[in-house]
Amino acid sequence: MNALTDVLTVLAVFLLLTGPALVGLAHERRIDRRLRGPRAQKSSSRSTVPSTATWYADGRRSKKLVSS
């Protein structure tokens, strides 16, 4: 009976220490899934659209060429 109590005590301490970390991890994964949105679940068969950063950089390059 003493061994069972020891095992349960160690298990309870382990859950107390790891519980908040596991809850935080689940919360972070939920936020990541929400930020990715439904596009991440679709197949990648359609053509990709350049990101805003790429579009902005291309625009800046073309303006530099025109102005020089």
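Which residues make a nonpolar surface patch of about 680 Å²? The legends below take up this question and then turn to other views of the structure, which is a predicted model.

**View 1. The nonpolar surface patch.** In this predicted model, M1, L4, L8, L11, F14 and L15 make a nonpolar patch on the surface, with an area of about 680 Å². One of these residues, L11, has its place in helix α1, and L11 counts as partly exposed because its relative accessible area is 45%, a value between the limits of 20% and 50%.

**View 2. The positive surface patch.** R29, R30, R33, R34 and R36 form a positive patch on the surface. Among them, R29 lies in helix α1, which covers residues 2-36, and R29 is classed as exposed because its relative accessibility is 55%, with the limit for that class set at over 50%.

**View 3. The chain as a whole.** The chain holds two helices and zero strands, and buried residues account for 1% of its 68 residues. About 6,800 Å² of the chain is exposed, and carbon and sulfur atoms supply 64% of that area.

Note on methods:
Residues numbered from 1 in each chain as written. Predicted model: local features only at pLDDT ≥ 70, side-chain atom pairs only at ≥ 80, totals over all residues. Heavy atoms only, no water. Patch = residues over 30% accessible without salt bridge, like charges linked within 9 Å, V, L, I, M, F, W, Y side chains within 5 Å. Areas by Shrake-Rupley, 256 points an atom, 1.4 Å probe, with all protein chains shown as cover. Salt bridge = Lys/Arg side-chain N within 4 Å of Asp/Glu carboxyl O. Lys, Arg positive; Asp, Glu negative; His and termini not counted. Charge placed at Lys NZ, Arg CZ, Asp CG, Glu CD. Helix = DSSP H or I, 4+ residues; strand = E, 2+ residues; numbered from the N terminus. Buried < 20%, exposed > 50% of the residue type's maximum accessible area, 1.4 Å probe, protein only.
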